[in-house]
Every structure is written in C-alpha cells, then in structure tokens.
Amino acid sequence: MGVADHSADLVLSIFGAMFASDPLAVARELVRVTRRGGRIVMGNWISDDPSFISQVLKISARYAPPPPEGFISPLAWGSEINVRGRFAAAGVLPEQIRCSRETYLFRAPMEPTALIEVLRKFYGPAMNAFEAATKAGTQDVLQRELEALASAHNTSARAHTTVIPATFLKVIVNL
C-alpha cells in the first residue's frame, strides 16, 4: 500500500533510508510524501569520520564481499554536498535544506565487547562482514578488531557500561 502524495507532516529516517539502493529515488519519494509546510528529517552516518560507526563500517567493508557493480555507498548520504544535490534533483531549493554534524551516543548497560555481539546479530553491515569472515576463517580477527574499536571509543568510566559517541549528519528539509 502506497503513501498518498503530500500526506505527511513529518517524514523521518534515522540511519535507514541511506541504505536504499537508489538515493535519487529516495529523495524524490521523501519529497513526494511530505506536504508543503512539512518537514523531512534524516540522520545519516558520515564516511571517513574517525568516530565509532564510520570505523565499524570501514572495518566491516574489509571483510565483506565487494559490493555489486554500480553500488552507491550509503555513507554518501553523510555528505552535505550529496544531500543537497539529491534533494535539488527532487525539486527542493537550497534554502530549504539545513545540515549539521551531530553526535549520537550508543548507551548500553554492557561491556563494549557485548555491544559488538549486538551489532554482529542485528546490524546489517556487521552481519554481512561476519558471514563473509566466517566463510574465510577470519571471524575471530574481525571480532577482536571490532572489540578493540568499541573499547577504545567507550567514554564510560563505569564497569559494565558503554557510552560511545558517533558522529552523523543531521538533515532537515523544510518544504
């Protein structure tokens, strides 16, 4: 069942739409379903950022199979230039788009190594990397690499607690 044109006051995608295979179609669809006077809000991970999730994705990519031909990285949504270009192609004026770098905090009542287990089971890029690493016999190396990353980025001083900051691009489009 489709969503009617211009029927939503607020369209929200936090680390989701960025993983769709056709970014221009995503921008057009977000604009299509948002009413005039409405708002689109996105949170998108940033490529080549030193913060946690960007590094998780970089490490995972080294273990995962190569992407298919024509693949467009979801992290391209983390570039303000790309965001502006995609929404411009969907008919949005430059002054209707605001972007800012923000920080998401991964907070969990567990050790950082346990957070990697959560990512391994439920986060697509990590799941794919572990599947490929298991086939290649390198899953233990991947596990240690991600555990070291999580431990290094954990800012919590409390035992059995993880607080890891991760930078993302906040996008607000006012139609």
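The largest pocket in this predicted model holds about 590 Å³ of space. Its lining takes in 20 residues, and those closest to the centre are A61, A64, F71, P74 and P125. Sorted by class, the lining comes out at twelve nonpolar, six polar and two charged residues. Two helices, α2 (52-63) and α5 (124-136), each put at least two residues into this lining. Of the contributors, α2 gives the most, with five residues.

What about the chain around this pocket? There are six helices and four strands in the chain, and from the N terminus on they follow the order β-α-β-α-α-β-α-α-α-β. Measured out along its principal axes, the C-alpha trace spans about 50 × 40 × 30 Å.Now to the helix packing. A pair of packed helices is described by the angle between their axes and by the distance between those axes. The two helices that help line the pocket, α2 and α5, also pack against each other: their axes come within 8 Å and cross at roughly 30 degrees. An angle under 35 degrees counts as roughly parallel, so α2 and α5 are roughly parallel to each other. Their crossing is left-handed. On the α2 side the contact involves L57, S60 and Y63, while α5 brings in P125, A126, A129, A132 and A133. Seven of the residues in this α2 contact with α5 are nonpolar and one is polar, with no charged residue among them. P125 of α5 thus turns up twice, once in this contact and once among the residues closest to the centre of the pocket.

Helix α5 also packs against α4, with the two axes 6 Å apart and an angle of about 85 degrees between them. Angles of 65 to 115 degrees count as roughly perpendicular, and α4 and α5 are therefore roughly perpendicular to each other. The residues that meet here are I116, L119, R120, K121 and F122 from α4, and G124, A126, M127, F130 and T134 from α5. By class, this contact of α4 with α5 splits into six nonpolar, two polar and two charged residues. A126 of α5 touches α4 in this contact and also takes part in the contact with α2.

The other partner of α4 (residues 112-122) described here is α6 (residues 139-153), and these two helices pack with their axes 8 Å apart, at an angle of about 125 degrees. That angle makes α4 oblique to α6. The crossing of α4 and α6 is right-handed. From α4, the contact draws on P112, T113, I116, E117 and R120; from α6, it draws on Q139, Q143, L146, E147, A150 and S151. The class make-up of the α4 contact with α6 is four nonpolar, four polar and three charged residues. I116 and R120 of α4 appear in this contact with α6 and in the one with α5 as well.

Definitions and conventions
Residues numbered from 1 in each chain as written. Predicted model: local features only at pLDDT ≥ 70, side-chain atom pairs only at ≥ 80, totals over all residues. Heavy atoms only, no water. 1 Å grid on protein atoms, 1.4 Å probe; cavity = no way out; pocket = protein on both sides within 12 Å on 5 of 7 lines; lining within 4 Å. Points joined across faces, edges and corners; volume = space filled by probe spheres on them. Nonpolar A, V, L, I, M, F, W, Y, C, P; charged D, E, K, R; others polar. Axes fitted to C-alpha atoms, helices over the stretch in contact; angles between N-to-C directions. Parallel < 35°, antiparallel > 145°, perpendicular 65-115°, else oblique. Left-handed = near helix turned anticlockwise from the far one by under 90°. Contact = heavy atoms within 4.5 Å.
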